[in-house]
Amino acid sequence: MDGWWAYVFIAIAGWLATDVWRWLGVLAGERLREESEALNWVRAVATALVAAVIAKLVLYPTGVLAQSPLWLRLGAVVLGAIAFFLARQKPAIGIATAIATLAAGLWWLGF
């Protein structure tokens, strides 16, 4: 019970650091048009961040994923992207396909 204050501090600091930006986003979002350049920029930045995280996971993985071959990781991403577009851009379908491909490949390789 001695170290529980550290967890309370982390929870409060994490909440404050993110919640302020969420509320500012809500307030600013009410005034933005969906076709505005500011919102297009936000979408572009968000898409770039997601792409960067995926690229980092595929090209520089950690843990068991680091032991898997690059061709398997790239293949899972490609098949997930194909499934995403064939399913009328439903993210759950693309993600599930990529995970299933990666899991089947890892099982086939004996991981």
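Domain bounds here come from an automatic or database domain assignment. That assignment splits the protein into domain 1 (1–31), domain 2 (33–60) and domain 3 (62–110), and the C-alpha centres of domain 1 and domain 3 sit 33 Å apart. Keep in mind that this is a predicted model, where local features need pLDDT of at least 70, side-chain atom pairs count only at pLDDT 80 or more, and totals for chains, interfaces and linings use all residues. Residues are numbered from 1 along each chain as its sequence is written, and side-chain values use heavy atoms, with hydrogens and water left out.

**The pocket**
- The largest pocket (an open set of 1 Å grid points where a 1.4 Å probe fits, with protein on both sides within 12 Å along at least five of seven lines) has a volume of about 550 Å³.
- Of its 16 lining residues, which have an atom within 4 Å of a point, I54, V77, G94, I95 and A98 are closest to the centre.
- Domain 2 and domain 3 both contribute to the lining, so the pocket lies between them.
- By class, the lining has 13 nonpolar, 2 polar (Gly counts here) and 1 charged residues.

**The helices**
- Helices are DSSP runs (H or I, at least four residues); the axes of α4 and α5, lines fitted to C-alpha atoms over the stretch in contact, come within 7 Å and cross at roughly 150°.
- That makes α4 and α5 roughly antiparallel (angles over 145 degrees).

Conventions
Points joined across faces, edges and corners; volume = space filled by probe spheres on them. Axes fitted to C-alpha atoms, helices over the stretch in contact; angles between N-to-C directions. Helix = DSSP H or I, 4+ residues; strand = E, 2+ residues; numbered from the N terminus. Parallel < 35°, antiparallel > 145°, perpendicular 65-115°, else oblique.
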